[in-house]
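Visitor: I would like a close look at a single part of this model. Please take me through one region and what surrounds it.

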Amino acid sequence: MEKAQNALDPKNLRPTVKHGGGSVMVWDCMASTRVGNLVLIDDIMYHMVYLDILHNSLKESVKNLGLDGNFILKHDNDPKYTARNVKMWCLFHCKQQ
């Protein structure tokens, strides 16, 4: 019992940040064999940022992973994913389900 009490002694504790410690937003592409590009997003992600990621990072990842048109792009109904220009890009560049 004394050992457990010593563990909670303030000199043995380290402060941590539970909330508000920051965040990191990333985009990634993966296949069953390996992962593609990892994109760190520094700014607010809106449909034009997402479209740029699709046009550059997704295309490069698909080529490097050897998927060449044989992939399915998954995303939710967030407005940046459902914007008209993103939908049009996906229509012409992604396999449709």
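**Around the loop before the second helix**

Guide: Start with Tyr46, which sits in the loop between β2 and α2. Keep in mind that the model is predicted. Tyr46 counts as partly exposed, because its relative accessibility is 43%. Its C-alpha lies 9.3 Å from that of Ala83, although 37 residues separate Tyr46 and Ala83 in sequence. A second long-range approach involves His47 and Pro79. These two are 32 residues apart along the chain, with C-alpha atoms separated by 7.6 Å. Pro79 belongs to helix α3. At 61% relative accessibility, Pro79 is exposed.

Now step into helix α2. Tyr50 is in this helix. Is Tyr50 buried or exposed? Tyr50 has 1% relative accessibility, so it counts as buried; the cut-off for buried is under 20%. Leaving out residues up to four places away in sequence, Tyr50 touches Trp27, Met45, Leu73, His75, Lys80, Tyr81 and Val86.

One of those contacts deserves a closer look. The structure has one aromatic pair. The rings of Tyr50 and Tyr81 form it, with centres 4.6 Å apart and planes at 65 degrees. Why is the pair called edge-to-face? The angle of 65 degrees is over the 60 that this label needs, so the pair is edge-to-face. The pair joins distant parts of the chain: Tyr50 lies in helix α2 and Tyr81 in helix α3, 31 residues apart. Helix α3 covers residues 79-82. Tyr81 is buried as well, because its relative accessibility is 17%.

Another contact of Tyr50 is Lys80. Side chains of opposite charge can pair when their charged atoms come close. The structure holds one salt bridge. Asp78 and Lys80 make it, and their closest N and O atoms are 3.1 Å apart. Lys80 has a relative accessible area of 15%, so it is buried. Asp78 is partly exposed, at 27%.

Next, the core. In soluble globular proteins, nonpolar side chains tend to be buried together. Here the largest nonpolar core has 21 residues. Which of them touch the most other members? They are Trp27, Tyr50, Leu54, Leu58 and Leu73. Four elements give two or more residues each to this core: β1 (25-30), β2, α2 (47-65) and α4 (84-93). Helix α2 supplies the largest share, seven residues.

Further along α2 comes Ser57. Ser57 is buried, because its relative accessibility is 13%. Beyond residues up to four places away in sequence, Ser57 touches Trp27, Asn37, Val39 and Asp52. Trp27 is also among the contacts of Tyr50.

Finish on the surface. Val24, Val26, Leu38 and Leu40 make a nonpolar surface patch of about 420 Å². Leu38 is in strand β2, residues 35-41. Is Leu38 buried or exposed? Its relative accessible area is 56%, which is over the 50% cut-off, so Leu38 is exposed. Strand β2 thus has a place in both parts of the picture. It gives two or more residues to the largest nonpolar core. It also holds Leu38, a member of the surface patch.

Technical notes:
Residues are numbered from 1 along each chain as its sequence is written. This is a predicted model: local features need pLDDT of at least 70, side-chain atom pairs count only at pLDDT 80 or more; totals for chains, interfaces and linings use all residues. Side-chain values use heavy atoms; hydrogens and water are left out. Patches are made of residues with over 30% relative accessible area and no salt bridge: like charges are joined within 9 Å, nonpolar side chains (Val, Leu, Ile, Met, Phe, Trp, Tyr) within 5 Å. Accessible areas come from the Shrake-Rupley method with a 1.4 Å probe; for residues, only the protein chains shown count as cover. A salt bridge is a side-chain nitrogen of Lys or Arg within 4 Å of a carboxyl oxygen of Asp or Glu. Buried means under 20% relative accessible area, exposed over 50%, partly exposed in between (1.4 Å probe, protein chains only). A nonpolar core is a set of buried Ala, Val, Leu, Ile, Met, Phe, Trp, Tyr and Cys residues joined through side-chain atoms within 4.5 Å. Contact means heavy atoms within 4.5 Å. Rings of Phe, Tyr and Trp (its six-membered ring) pair if their centres lie within 6.5 Å; planes under 30 degrees apart count as stacked, over 60 as edge-to-face and the rest as tilted.
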